[in-house]
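Subject: Handing over a structure, with notes

Dear colleague,

I am passing on to you the structure we spoke about, with its sequence, so that you can open both side by side while reading the notes below.

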Amino acid sequence: MKLLHIDSSVLGPHSVSRQLSSAIVARLREQHPALDVAYRDLSSTPLSHLSGLHLAAAQGATASAELQEDLAVGQAVLDEFLSADIVVLGAPMYNFTIPSQLKAWIDRIMVAGKTFKYGAQGAEGLAGGKRVIVAISRGGFYGADTPAAVGEHLETYLRWVFGFIGITRPEFISADGVQVGPEHREKALSNALQAVTRLQAA
């Protein structure tokens, strides 16, 4: 069984989402000792954002040597995702949504004919069957019953993206209000880590 572990926070060891994603992987290793884990750090090794040249190459235009190298990286990222049985994703909220580094990764896995296709009934996801667990950290509170709910474009966006490619039941473990104060940060992290211990084997 293969697991793909992705981190996107720019905060290194100070990141709550990184602590949570690491704990999730450790928990799954306990349940699956033979788990084959691949790790990608989107902050230390960022992917380039898509450009017009990328889109032109996808339509058959000749790519420069430099772009060919980047396209090969993108293909490796897609293959890495497609081969994974489990994906563990560390996703902090930056300015109400995902980090741009994570968006660059999503752009490399949202590929027509690979993770989704269009047919007579509209879009159809092709990446179903994977287990996706997302570790979220948010500085404030964005629950459905809060005034800031309308500004939540992290979990809602990821649910839509993964659902679009066929992963309809992603799991989320959240640490909310981590910027409210030190005490609440510790409480939020502790509660989220407790939720990690309750994760069940796939």
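What follows is a walk through the findings, from the core outwards to the helices and loops.

Please keep in mind throughout that this is a predicted model.

**The cores**

The largest nonpolar core is made up of 30 residues, and those with the most contacts inside it are Phe81, Leu102, Trp105, Val134, Leu158, Phe162 and Ile165. Two or more residues are given to this core by each of β1 (2–7), α3 (65–83), β3 (86–92), α4 (100–109), β6 (131–138) and α5 (155–164), and the largest share, five residues, comes from α4. Leu102, one of the residues with the most contacts inside this core, touches Ser8, Leu42, Leu89 and Ala91 once residues up to four places away in sequence are left uncounted. Apart from the largest core lies another core, of 19 residues, which has Leu3, Val16, Ala175 and Leu189 among its members.

**Aromatic residues**

There are four aromatic pairs in the structure. In the pair of Phe81 and Trp105, the ring centres are 5.9 Å apart and the planes stand at 85 degrees, so this pair counts as edge-to-face, the term used for planes over 60 degrees apart. The pair links distant parts of the chain, since Phe81 belongs to helix α3 and Trp105 to helix α4, with their positions 24 residues apart in sequence. Both Phe81 and Trp105 are buried. Phe81 also has a charged partner, for the charged end of Lys130 sits over the Phe81 ring at 5.2 Å from its centre. Elsewhere, one aromatic cluster is formed by Phe116, Tyr118 and Phe164.

**Two helices with a buried side**

Helix α3 has 19 residues and reaches 27 Å from its first C-alpha to its last, close to the 27 Å expected at 1.5 Å a residue. Its buried residues are Leu67, Asp70, Gly74, Val77, Leu78, Glu80 and Phe81, and because they cover an arc of only 160 degrees around the axis, they are placed on the same side of α3. The face of α3 turned away from that buried side carries the exposed residues Ala65 and Glu69, while the cover over the buried residues includes β1, β2 (36–41), α2 (52–58), β3 and α4.

Helix α6 (residues 182–197) can be read in a similar way. With 16 residues at 1.5 Å a residue, α6 should span 22 Å, and this agrees with the 23 Å that separates its end C-alpha atoms. The buried residues of α6 are Ala188, Leu189, Ala192 and Val196, and they line one face of the helix because, seen down the axis, they fall within an arc of 95 degrees. These buried residues pack against α1 (16–31) and β7 (171–176), whereas the exposed residues Glu183 and Lys187 are carried on the face turned away from the buried side.

**Residues in the loops**

Which two residues in the loop between β3 and α4 have a positive phi although neither is a glycine? Asn95 has a positive phi of about 50 degrees, and Phe96 has one of about 80 degrees. Both deserve a look on screen, because most residues other than glycine have a negative phi. Asn95 counts as exposed because its relative accessibility is 72%, and exposed means over 50%, whereas Phe96, at 45% relative accessibility, counts as partly exposed.

Ser43 lies in the loop between β2 and α2 and is partly exposed, with a relative accessible area of 26%. Leaving aside neighbours within four places in sequence, Ser43 is in contact with Asp7, Ser8, Ser9, Val10 and Arg18. From Ser43 to Leu78, which are 35 residues apart in sequence, the C-alpha to C-alpha separation is 18 Å.

Gly166, finally, is found in the loop between α5 and β7, and at 23% relative accessibility this glycine counts as partly exposed. With neighbours within four places in sequence left aside, Gly166 is in contact with Gly125 and Gly128. The C-alpha atoms of Gly166 and Glu124 are separated by 7.0 Å, although the two residues are 42 residues apart along the chain.

With best wishes

Notes. Residues are numbered from 1 along each chain as its sequence is written. This is a predicted model: local features need pLDDT of at least 70, side-chain atom pairs count only at pLDDT 80 or more; totals for chains, interfaces and linings use all residues. Side-chain values use heavy atoms; hydrogens and water are left out. A nonpolar core is a set of buried Ala, Val, Leu, Ile, Met, Phe, Trp, Tyr and Cys residues joined through side-chain atoms within 4.5 Å. Buried means under 20% relative accessible area, exposed over 50%, partly exposed in between (1.4 Å probe, protein chains only). Helices (H or I, at least four residues) and strands (E, at least two) are DSSP runs, numbered from the N terminus. Contact means heavy atoms within 4.5 Å. Rings of Phe, Tyr and Trp (its six-membered ring) pair if their centres lie within 6.5 Å; planes under 30 degrees apart count as stacked, over 60 as edge-to-face and the rest as tilted. A charge sits over a ring if NZ of Lys or CZ of Arg is within 6 Å of the ring centre and within 35 degrees of the ring normal. The expected span of a helix is 1.5 Å times one less than its number of residues. The arc is that of the directions from the helix axis to the C-beta atoms.
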